[in-house]
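The exercises below ask the reader to work from the coordinates to a classification, one step at a time. Each task is followed by its solution.

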Amino acid sequence: MKITNHWVTPIAEFDLALPQPMRQQLMALLQRKEADRDKLSESSPDFFRFMQSKQFYASTHYNLFSEANQHPEKNAILSFELLACNAYRQYLRQALNIEQADELKLVGRCFGNVQITGGRTFPHYHQSVDHVLIHYLDIPDHNDPELGKSHRHGTHALLLQDPRGAVNYPYWEKVLSIAPCTGKTIIHPAYVWHETNPYRGQGTRMCLVVNFQIASHSYIELHKELRF
Ligand SMILES: [Fe+2]
């Protein structure tokens, strides 16, 4: 009997220790973006009207990488873009055995996820992209009374769901739980359904998220905006 495993779901987990000044700048940037959330109708009026007409909620319709020049933290943004891209290329090499990882043209969007006590990220996946990088910029220290109840417990744990659908057997461990801490960085395929436990700590918890799409070495490079 020959058995091979197919269609694996590679999840990368590693520490990315940002220089403290760079980290502080990115935190200040995310706090400012958070304060500007109500200005979506001014910054992206077409998207805002569409969102209202379809009655859906979106709070991060921006791209820190493309708007870097508009911020005093430009150098910190560019440094993070470099680190994120290098990490993603390493992921592609190791996880998918892409020998041409350094040649690939990448496109992407970077945005923040800022939450205070009681907040959580509801279940979702990232449509229209290939992979997602999450960097925990600041997870304030906290005592979590539920920590250790099970591997799924824990303040603001990231929960990633088995993408295989309703398989009957084996049915165990269909949730991968990753405990957050400052500096932890995760890369996962964009189609993986995920969410977080509520954040029960004090203070503001901040993440940077990058949506990556590979724009070369595939059919996507042939796409063009249509004339009609
Ligand atoms: Fe996400």
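A charge counts as sitting over a ring if NZ of Lys or CZ of Arg is within 6 Å of the ring centre and within 35 degrees of the ring normal. The model used throughout is a predicted one.

**Exercise 1.** Find the residue that lies over the face of Y62, and state how far from the ring centre it is.

Solution. The residue is K33, which lies over the face of the Y62 ring at 4.2 Å from the ring centre. That distance of 4.2 Å is to be held against the cut-off of 6 Å.

**Exercise 2.** Identify the protein donors of the iron ion, give their spacing along the chain, and classify H124 and H126 as buried, partly exposed or exposed.

Solution. Begin with the donor atoms: NE2 of H124, NE2 of H126 and NE2 of H194 lie 2.1 to 2.2 Å from the iron ion. Along the chain, these donors follow the spacing H-x1-H-x67-H. For the classification, buried means under 20% relative accessible area and exposed means over 50%, with partly exposed in between. H124, with a relative accessible area of 24%, is therefore partly exposed, whereas H126, with 11%, is buried.

**Exercise 3.** Describe the largest nonpolar core, and say which residues have the most contacts inside it.

Solution. The core has 47 residues, and those with the most contacts inside it are L26 and F80. Among the elements that give two or more residues to this core are helix 1 (20-35), helix 4 (74-96) and strand 8 (205-214), and helix 4 gives the most, with nine residues. Turning to F80, and not counting residues up to four places away in sequence, one finds that its contacts include L26, F65, L133 and V210.

**Exercise 4.** Among the aromatic pairs, decide whether Y88 with Y91, and Y125 with W193, are stacked or tilted.

Solution. The structure holds nine aromatic pairs. The rings of Y88 and Y91 have centres 6.3 Å apart and planes at 20°, so this pair is stacked; the two residues are three apart in helix 4, and therefore separated by about one helical turn. Y88 is buried at a relative accessible area of 0%, and Y91 is buried at 6%. The rings of Y125 and W193, by contrast, have centres 5.2 Å apart and planes at 45°, so their pair is tilted. This second pair links distant parts of the chain, 68 residues apart: Y125 is in the loop between strand 2 and strand 3, and W193 in the loop between strand 6 and strand 7 (194-196). Y125 counts as partly exposed at 41% relative accessibility, as does W193 at 36%.

Technical notes: Residues numbered from 1 in each chain as written. Predicted model: local features only at pLDDT ≥ 70, side-chain atom pairs only at ≥ 80, totals over all residues. Heavy atoms only, no water. Donors = N, O, S within 2.8 Å, 3.2 Å for Na, K, Ca; no water. Buried < 20%, exposed > 50% of the residue type's maximum accessible area, 1.4 Å probe, protein only. Core = buried A, V, L, I, M, F, W, Y, C linked by side-chain atoms within 4.5 Å. Helix = DSSP H or I, 4+ residues; strand = E, 2+ residues; numbered from the N terminus. Contact = heavy atoms within 4.5 Å. Phe/Tyr/Trp six-rings, centres within 6.5 Å; stacked < 30°, edge-to-face > 60°.
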